Amino acid sequence: MVRLGLSEITHNARTLVVVLIALSVALVFSACGPRAGETGGLDVTIVSISPEPAAVGDAEITLQIRDMAGNLVSDATIQVEGTMTHAGMQPVIVATEARGNGTYVTEDFRFTMGGDWVIIVRATFANGRTAEQRIDLKGVQGEMDMKSDKGKEGN
Amino acid sequence: MAVPRTQPSTQRDLLNLPVIGSFLRWKHARTSMQAVLLAVSALILYDGFWGPQLAPKNLAGVLPWVHWRGLVVLALLIAGNIFCMACPFMLPRRLAKKLLPANRRWPKVIRNKWLALGVLLVFFWAYEAFDLWASPWLTAWVALTYFVAAFAIDGIFRGAAFCKYVCPIGQFHFVHGMVSPLEVKVRQPDLCGSCPTKDCIKGRYAQRPEPDVLRHSRETNAAQDSPSLSALSWSAKSHPHPDPLPQGRGSPPSLGEGIGVPGKSLDATRGNSNSEPGIRHSRASGNPSSAGRVGQEPAPTTSESSHRESKQSSIKEPKQAERDIAIPAGLQLVQTGCELWLFQERKVGNMDCTFCLDCIQACPYDNVGIQLRAPTSEFRKLDQLHSGVGALAQRIDLAALVYVLVFAAFVNAFGMVAPVYALEQWLAGQLGVTSEPVVLGVLFIVGLVALPFVLVTAAAWSSRALSGSRETLAATATRFSFALIPIGFGMWLAHYGFHFLIGALTAIPVTQSFLADFGVILLGAPQWELAAIVPDSWLVPLELLLLELGMLVSLTVGYRIARKQHGSMARAIRALLPWAVIIVLLFFTGAWMMTQPMEMRGIILG
């Protein structure tokens with residue numbers, strides 16, 4: 001009869017516990033599903049940004065909004081948030097003016113710094129339903145880019 | 001027998017405060033703080049892997065890069081190494097100590113800061129090269145890697161090897177904790193000299209109660225007298241802590257010759273930076289086999305003297321049996337001593353101190369406190385032997401770590417302002433590459449290695465030449481490295497403090513959004529407009545103030561270092577001059593960055 005010493009027993013038991021913990025953690029993680037984060041339900045196109053190209057300072061963003069069925073959305077309240085890819089920055093959140101035909105124009109929007117922005121469009125429909133769409137807007141010109149462009153124009 | 005306590009300290013001691021003191025004295029204070037941060041870490045991991053991959057909308061994007069970094073530097077400024085105290089990575093580490101052997105000695109060749117320095121360099125580079133700040137998914141991976149590394153390393157190696165030799169965050173805390181106003185230290189040093197058991201470093205042991213299952217096995221196998229079981233067959237009589245001062249104060253301590261005297265003492269008590277004491281804190285008594293006592297009849301351990309004697313005997317022979325202190329089988333560890341091998345009696349300053357409070361819990365005389373001190377007092381003791389660390393003035397690895405952290409403060413902040421992109425474009429053109437990681441790699445090698453090396457070498461050479469010092473170049477560079485810590489810390493404060501001040505409230509809408517996805521509506525819809533806690537107009541003046549303070553403190557510390565080394569004021573000023581030039585240059589560099597427009601871009605090349 002094979003007899004195990006206490007040290008072997010405890011070693012095997014510990015190995016078993018480690019494996020069980022690892023499996024439990026893996027199981028918990030694999031059971032987790034993605035978090036929506038309020039996205040979806042809208043099809044947003046940026047029609048134009050004025051001035052072009054987008055640069056630090058005041059800007060006017062024109063959007064065209066459709067629902068997921070492809071119908072133009074003209075009766076929603078649209079809010080636009082501009083945020084950076086780095087967390088912790090003060091976002092720019094503005095209302096929009098409906099111009100009909102699914103077109104909305106931002107009011108008092110301002111790019112506060114150069115770099116990569118994310119434009120988040122939030123819609124609140126008449127029935128209270130909300131939807132959201134995010135659009136990456138890379139390379140908003142900073143002050144240095146603008147100075148550089150002016151220099152080139154001067155030459 | 002009641003253990004006499006020290007007289008209430010005349011110094012300002014956090015432990016004497018009504019609520020905070022009571023909490024910190026609580027045995028589970030640290031665990032409870034760690035548990036809170038562990039729960040937060042779990043949320044970060046979950047949201048990082050499965051949440052929206054937009055950093056400002058994700059807990060993994062907001063909490064580590066805005067709140068944790070900002071609170072870390074603020075805590076270091078106004079208190080001390082609070083975040084090591086509450087470190088969530090310690091819970092899996094403790095689990096590893098229970099489950100895995102944890103009996104290997106950390107390799108001698110890396111018993112220093114070089115490995116941590118390498119990890120730190122890689123982290124700084126990866127942070128920019130892979131835009132960790134913009135990727136919740138990568139942030140979660142970094143956090144997970146941390147948990148696994150802490151678990152694996154401390155499951156294999158003895159003591160707190162991960163904290164002391166690997167953790168880059170810990171190194172950041174250790175270095176900048178040198179300017180913190182709080183320090184864990186002995187209240188009445190003369191009492192330590194009389195302490196026979198040195199629990200602060202060895203830990204406190206008590207008689208192990210015999211588990212029923214083992215008693216049953218022992219009875220069943222009594223005839224065969226299995227060695228492995230007999231090792232656990234001891235009296236269940238409790239093992240009280242020894243009379244604290246059995247020989248009376250002032251009489252030679254029974255362990256004094258082993259602990260306190262260089263040459264005969266444990267390595268940690270000698271202050272060697274690359275040595276470990278021969279104590280298996282967590283495992284020695286938990287598993288008799290690991291204590292090298294399998295097969296031996298346990299010594300009769302009902303008396304305190306046998307406990308002390310057995311410790312004593314092994315201390316006198318530190319090379320024997322991996323220099324383990326012989327903890328008689330039958331004793332179990334009820335409170336670990338310092339796992340970073342800082343022997344309180346000879347501990348100096350905050351270097352390598354995680355504020356774990358193990359020493360406070362272990363000391364039977366209540367002779368260790370968290371005391372207020374002058375924030376720069378530690379820099380006066382560069383030549384003094386620090387337990388578990390050595391003399392700071394002789395630690396080239398530590399000096400290299402300091403220089404990298406100081407210059408990283410500026411390089412890291414430079415990564416957020418517009419000119420860095422012009423520099424990257426120019427460098428990419430010169431190198432003929434379009435890979436941003438490669439370009440950033442070159443920038444980091446130049447900014448964190450080559451430039452500091454050239455500047456420091458030039459300053460050390462000039463300092464020696466001007467002062468007539470005979471100290472070697474490396475020794476001069478090492479000594480004065482510590483003078484640069486305050487200016488570097490000022491820059492970290494300005495940078496991380498900036499992010500915290502302009503984004504502290506962002507945690508609210510992100511948490512609202514997180515909960516809303518699980519059907520919990522907290523205070524209505526997420527208030528995404530919440531962000532700053534101070535007006536924008538305060539930021540640059542505040543940043544400049546912090547940087548100026550850093551510069552002034554650096555100059556003061558530099559002068560004190562020079563004065564202590566050279567004696568006369570004239571020589572000291574000449575010795576300081578080159579270092580003062582670097583400090584002032586760093587100040588103007590930082591001030592220039594603060595006036596530059598901020599930009600945040602991901603990949604810009606190619």
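Okay, let's start in chain A, with A:Asn101, which sits in the loop between strand 4 (92-100) and strand 5 (103-106). This is a predicted model, so keep that in mind throughout. What caught my eye about A:Asn101 is its backbone: phi is near 60°, a positive value in a residue other than glycine. Most residues other than glycine have a negative phi. And is this asparagine buried or exposed? A:Asn101 counts as exposed, at 57% relative accessibility.

Now hop over to chain B for another one of these. B:Asp366 also has a positive phi without being glycine, near 55°. You'll find B:Asp366 in the loop between helix 17 (358-362) and strand 4 (368-372) of chain B. Here the surroundings are another story: B:Asp366 is buried, with a relative accessible area of 12%.

Back to chain A, and to the peptide bonds. Most peptide bonds are trans. So where should you look for cis ones? Try the loop between strand 1 (43-50) and strand 2 (57-66) of chain A, where A:Pro51 sits. The bond from A:Ser50 to A:Pro51 is cis, with omega near 0°. Then keep going along that loop, which also holds A:Pro53. The bond joining A:Glu52 and A:Pro53 is cis as well, and omega there is about -5°.

While we're on chain A, a quick look at A:Arg134, in strand 8 (residues 130-140). Its side chain makes a polar contact of 3.1 Å with the side chain of A:Glu132. If you want a distance to orient yourselves, the C-alpha atoms of A:Arg134 and A:Thr103 are 17 Å apart, with the two positions 31 residues apart along the chain.

Okay, cavities. How many are there of 30 Å³ or more? The structure holds eight. The largest one has a volume of about 130 Å³, and 15 residues line it. Nearest its centre are B:Cys192, B:Cys195, B:Cys200, B:Cys363 and B:Tyr365. Helix 10 (189-193) and helix 11 (199-202) of chain B are the elements that each give two or more residues to that lining. By type, the lining has ten nonpolar residues, two polar and three charged.

With those cysteines around one cavity, you'll want to ask about disulfides. Over all chains, the structure holds zero. Take B:Cys192, which is in no disulfide: the nearest cysteine sulfur belongs to B:Cys200, 6.3 Å away. B:Cys192 is buried, too, with a relative accessible area of 14%. And why is B:Cys195 not bonded to B:Cys363? Because the two sulfurs are 6.6 Å apart, too far for a bond, and B:Cys363 has the closest cysteine sulfur to B:Cys195. B:Cys195 is buried as well, at 7% relative accessible area.

Last stop, helix 7 of chain B, residues 136-156. This one has 21 residues and reaches 30 Å from the first C-alpha to the last, close to the 30 Å expected at 1.5 Å a residue. Which of its residues are buried? Among them are the aromatics B:Tyr146, B:Phe147 and B:Phe151, along with B:Ala140, B:Ala143 and B:Ala150. The buried list also includes B:Pro136, B:Thr139, B:Ile153, B:Asp154 and B:Gly155.

That's my tour, so over to you for discussion.

Note on methods
Residues numbered from 1 in each chain as written. Chains lettered and ligands numbered in written order. Predicted model: local features only at pLDDT ≥ 70, side-chain atom pairs only at ≥ 80, totals over all residues. Heavy atoms only, no water. Helix = DSSP H or I, 4+ residues; strand = E, 2+ residues; numbered from the N terminus. Expected span 1.5 Å × (residues − 1). Buried < 20%, exposed > 50% of the residue type's maximum accessible area, 1.4 Å probe, protein only. 1 Å grid on protein atoms, 1.4 Å probe; cavity = no way out; pocket = protein on both sides within 12 Å on 5 of 7 lines; lining within 4 Å. Points joined across faces, edges and corners; volume = space filled by probe spheres on them. Nonpolar A, V, L, I, M, F, W, Y, C, P; charged D, E, K, R; others polar. Polar contact = N/O pair within 3.5 Å; in protein donor to acceptor, adjacent residues only side chain to side chain. Disulfide = S-S within 2.5 Å.
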